[in-house]
Amino acid sequence: MILIGIPGIERRILRYPQLYSRVGVLHEFKTLSRDEITFIIEYHLAQLGTEIKIDNFSDYEALNTIVRISKGNLRVLSRLFQQLECLIKINNITSINTDLANTAKEALVTGS
């Protein structure tokens, strides 16, 4: 079982000795670099049947919007693409743009 949560989750789990004694490895995920985020975005878009062309200003602007929204957080990026996938399927959209990314962001429930 993998538990991914907020920083300091290991201190919270420490309060429950039966659970904490079964934790084998603790690993802190760092924020993703821009290159890593771009790679993940391209992968997700390929899964959705679309792609981003960096030389196209609209696509580049959409990429920057997704990077800004996720702030290098893999979990937020993954949830954002779940929302984007729903929006693409519902509206029969073939490309990602800034408005679509912002609409997906509004649908996210985040703690901030």
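**Figure 1. Order of elements along the protein chain of this predicted model.** From the N terminus on, the elements run α-α-α-α-α-α. The protein chain holds six helices and zero strands. Confidence varies by element: helix 1 (residues 9–13) has the lowest mean pLDDT, 82, and helix 6 the highest, 89. Over the protein chain the mean pLDDT is 83. Residues at 70 or more make up 95% of the chain.

**Figure 2. Overall dimensions and surface of the protein chain.** The C-alpha atoms fill a box of roughly 55 × 30 × 25 Å along the principal axes. The radius of gyration is 17 Å, whereas a compact globule of 112 residues would have a value near 13 Å. Buried residues account for 29% of the 112 residues. The accessible surface comes to about 8400 Å². Carbon and sulfur atoms contribute 53% of that surface. Take the contacts between residues at least 6 apart in sequence: 56% of them join residues at least 24 apart.

**Figure 3. Helix 4 and its packing partners.** Helix 4 spans residues 57–70 and has 14 residues. From its first C-alpha to its last it reaches 20 Å, close to the 20 Å expected at 1.5 Å a residue. Its buried residues are Asp59, Ala62, Leu63, Thr65, Ile66, Val67, Ile69 and Ser70. In an α-helix there are 3.6 residues a turn, so residues three or four places apart point the same way. The buried residues of helix 4 pack against three helices: helix 3 (34–47), helix 5 (74–91) and helix 6 (98–107).

**Figure 4. Thr65, a buried residue of helix 4.** Thr65 sits in helix 4. Its relative accessibility is 6%, so Thr65 counts as buried. Which residues does Thr65 touch, leaving aside its neighbours within four places in sequence? The contacts are Thr98, Ala101 and Asn102.

**Figure 5. The N-terminal end of helix 4, capped by Asn56.** A side-chain oxygen of Asn56 lies 3.1 Å from the backbone nitrogen of Ser58. Ser58 itself belongs to helix 4. At 33% relative accessibility, Ser58 counts as partly exposed. Ser58 and Ser95 are 37 residues apart along the chain, and 10.0 Å separates their C-alpha atoms.

**Figure 6. Lys71, just after helix 4.** Helix 4 is followed by Lys71. This residue is found in the loop between helix 4 and helix 5. Phi of Lys71 is near 55°, a positive value in a residue other than glycine. Most residues other than glycine have a negative phi. Is Lys71 buried or exposed? Its relative accessible area is 65%, over the 50% cut-off, so Lys71 is exposed.

**Figure 7. Asn92, in the loop between helix 5 and helix 6.** Asn92 is not a glycine, yet its phi is positive, about 50°. Its relative accessibility is 67%, so Asn92 counts as exposed. Lys71 also has a positive phi, near 55°, and lies in the loop between helix 4 and helix 5.

Technical notes
Residues are numbered from 1 along each chain as its sequence is written. This is a predicted model: local features need pLDDT of at least 70, side-chain atom pairs count only at pLDDT 80 or more; totals for chains, interfaces and linings use all residues. Side-chain values use heavy atoms; hydrogens and water are left out. Helices (H or I, at least four residues) and strands (E, at least two) are DSSP runs, numbered from the N terminus. The expected span of a helix is 1.5 Å times one less than its number of residues. Buried means under 20% relative accessible area, exposed over 50%, partly exposed in between (1.4 Å probe, protein chains only). Contact means heavy atoms within 4.5 Å. A polar contact is a pair of N or O atoms within 3.5 Å; within protein, one must be able to donate a hydrogen and the other to accept it, and residues adjacent in sequence count only if both atoms are side-chain atoms. The radius of gyration is taken over C-alpha atoms; the globule rule is 2.2 Å times the number of residues to the power 0.38. Accessible areas come from the Shrake-Rupley method with a 1.4 Å probe; for residues, only the protein chains shown count as cover. pLDDT is the predictor's confidence in each residue, from 0 to 100.
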